[in-house]
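Here's a quick briefing to read alongside the coordinates. Have the viewer open and click along as you go.

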Amino acid sequence: MTVNHKVAPKRFTHDQLITLAGNGVTKVDLLGESGATLCTQDEIIAMATLLAASGAIPALPDRAPPKKPEPYTRRNEAMTEQFRLPDGRKVIDGNTYMLDAKGRLEPVENIKPQHLLEDETVRKIIGYALPLSGQVARFKQHTFDDISAFEGVLAQEYGTTVGGRKGNKTLMTVDGLFKVTVQVADRITFGPELQVAKTLVDECLNEWSASAGPELRGIVTKAFNTDKEGQINVSEIFMLLRQDIDDPRWQRAMEAIRDAMRVVGSKTYVRCYRRTGHDAPWEAITIDLAKA
């Protein structure tokens, strides 16, 4: 088969093109659209090249010379997409108004300049935040799709899955410098037995009084306090369960806490890591704005 050099990358031999295209077709054939997300760039190029060579699709036209890159700025590093929010102004009978926080129309000339500047600044920031939020949501969905497609290939080829019984798993590059971890955490709530446990623990603390140190009292207080949403702090409850105390009432209280636990669902977390060398520590690839 003669391949048009306007289409075929020169780094591939004809046999390499056949192999790469075959790998790509196998993934798509097994998993459909999900399999397409697992195709490498070389496999996609190989499939397109052979299609063009067969006449099924036209060859690529000569490419225009590349544009000169723009000067580097922090703004065009990542924040290149902005959604322009409405400026909040309304023109009525030739006069310009803005709605205040109570929904009342306020003439623009009556609004302090610093408040107008604050309004403009917030709208500019939100204009970048909205598309970025959408991009993160799409990234999350694509990540789960890619992992599911990869697991589908393994199940098809080897009849096995990656990870433990709960679904925790780690995927890593061949060079060991990048990894993706998937962790499934149970969502836990507590039943009425928790109040029985609190009563028993309070009895213990009141009787021990002098012998119960401030550290133990602090753990108990944190364990049974609720947050602003009325939720029990699960991590503090587990701290309480780790205390090694032989008193029978304490043991009954800990048993009541365990009986009170209800698993009401789970949440899956995906985290990405990188390291500069095989002896270097793993660094999380930050997506959380507060930790960036």
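At the start of helix 9, a side-chain oxygen of Asp247 comes to within 2.8 Å of the backbone nitrogen of Arg249. Keep in mind that this is a predicted model. The notes below start from that helix, then move on to salt bridges, other helices, a loop residue and the confidence picture.

**Helix 9**

- Helix 9 covers residues 248–260, which makes 13 residues. From first to last C-alpha it reaches 18 Å, close to the 18 Å expected at 1.5 Å a residue.
- Which residues of helix 9 are buried? They are Arg249, Trp250, Ala253, Met254, Ala256, Ile257 and Ala260.
- Looking down the axis of helix 9, you'll find those buried residues within an arc of 155°, so they line one face of the helix.
- Arg249 shows up twice here: its backbone nitrogen is the partner of the Asp247 side-chain oxygen, and Arg249 is also on the buried list.

**Salt bridges**

- The count for the model comes to six salt bridges; three of the pairs are picked out below.
- Glu151 pairs with Lys169, and their closest N and O atoms sit 2.3 Å apart. This pair links distant parts of the chain, with Glu151 in helix 5 (residues 113–158) and Lys169 in strand 4 (residues 169–172), 18 residues apart.
- Are Glu151 and Lys169 buried or exposed? Both Glu151 and Lys169 are buried.
- Glu193 forms a salt bridge with Arg262, with 3.4 Å between the closest N and O atoms. Glu193 belongs to helix 6 (residues 193–208) and Arg262 to strand 6 (residues 261–274), so this pair ties together parts 69 residues apart in sequence.
- Glu193 is partly exposed, at 26% relative accessible area. Arg262 is partly exposed too, at 33%.
- Lys198 and Asp202 meet through their side chains in a salt bridge, 3.1 Å from N to O. The two are four residues apart in helix 6, so about one helical turn separates them.
- Lys198 has a relative accessible area of 28% and is partly exposed; Asp202, at 27%, also counts as partly exposed.

**Helix 3 and helix 5**

- Helix 3 (residues 41–54) has 14 residues, and its first and last C-alpha atoms are 20 Å apart, close to the 20 Å expected at 1.5 Å a residue.
- The buried residues of helix 3 are Glu43, Ala46, Met47, Thr49, Leu50 and Ala52.
- How buried is Glu43? Its relative accessible area is 6%, and the cut-off for buried is under 20%, so Glu43 qualifies.
- The C-alpha of Glu43 is 8.1 Å from that of Gly22, and the two residues are 21 apart along the chain.
- Helix 5 has 46 residues, which should span 68 Å at 1.5 Å a residue; its end C-alpha atoms are 67 Å apart, which agrees.
- Buried positions in helix 5 include Leu116, Tyr128, Pro131, Ile147 and Leu154. Glu151, the partner of Lys169, is another of the buried residues of helix 5.
- Both helices are followed by a glycine with positive phi: Gly55 just after helix 3, at about 90°, and Gly159 just after helix 5, at about 65°.

**A loop residue to click on**

- Asp93 is a residue other than glycine with a positive phi, near 55°. For context, most residues other than glycine have a negative phi.
- Asp93 is in the loop between strand 1 (89–92) and strand 2 (95–99). At 76% relative accessibility, Asp93 counts as exposed.

**The whole chain, and where to be careful**

- The protein chain holds nine helices and seven strands. Of its 292 residues, 25% are buried.
- Among contacts with a separation of 6 or more, 56% are between residues 24 or more positions apart.
- Mean pLDDT for the chain is 78, with 76% of the residues at 70 or more.
- Residues 1–9 have pLDDT below 50, and this stretch has 19 contacts in the model beyond near neighbours in sequence. Residues 71–80 are also below 50, with seven such contacts.
- Where pLDDT is low, the predicted coordinates should not be read in detail.

Technical notes. Residues are numbered from 1 along each chain as its sequence is written. This is a predicted model: local features need pLDDT of at least 70, side-chain atom pairs count only at pLDDT 80 or more; totals for chains, interfaces and linings use all residues. Side-chain values use heavy atoms; hydrogens and water are left out. pLDDT is the predictor's confidence in each residue, from 0 to 100. Contact means heavy atoms within 4.5 Å. The expected span of a helix is 1.5 Å times one less than its number of residues. Buried means under 20% relative accessible area, exposed over 50%, partly exposed in between (1.4 Å probe, protein chains only). The arc is that of the directions from the helix axis to the C-beta atoms. A polar contact is a pair of N or O atoms within 3.5 Å; within protein, one must be able to donate a hydrogen and the other to accept it, and residues adjacent in sequence count only if both atoms are side-chain atoms. A salt bridge is a side-chain nitrogen of Lys or Arg within 4 Å of a carboxyl oxygen of Asp or Glu.
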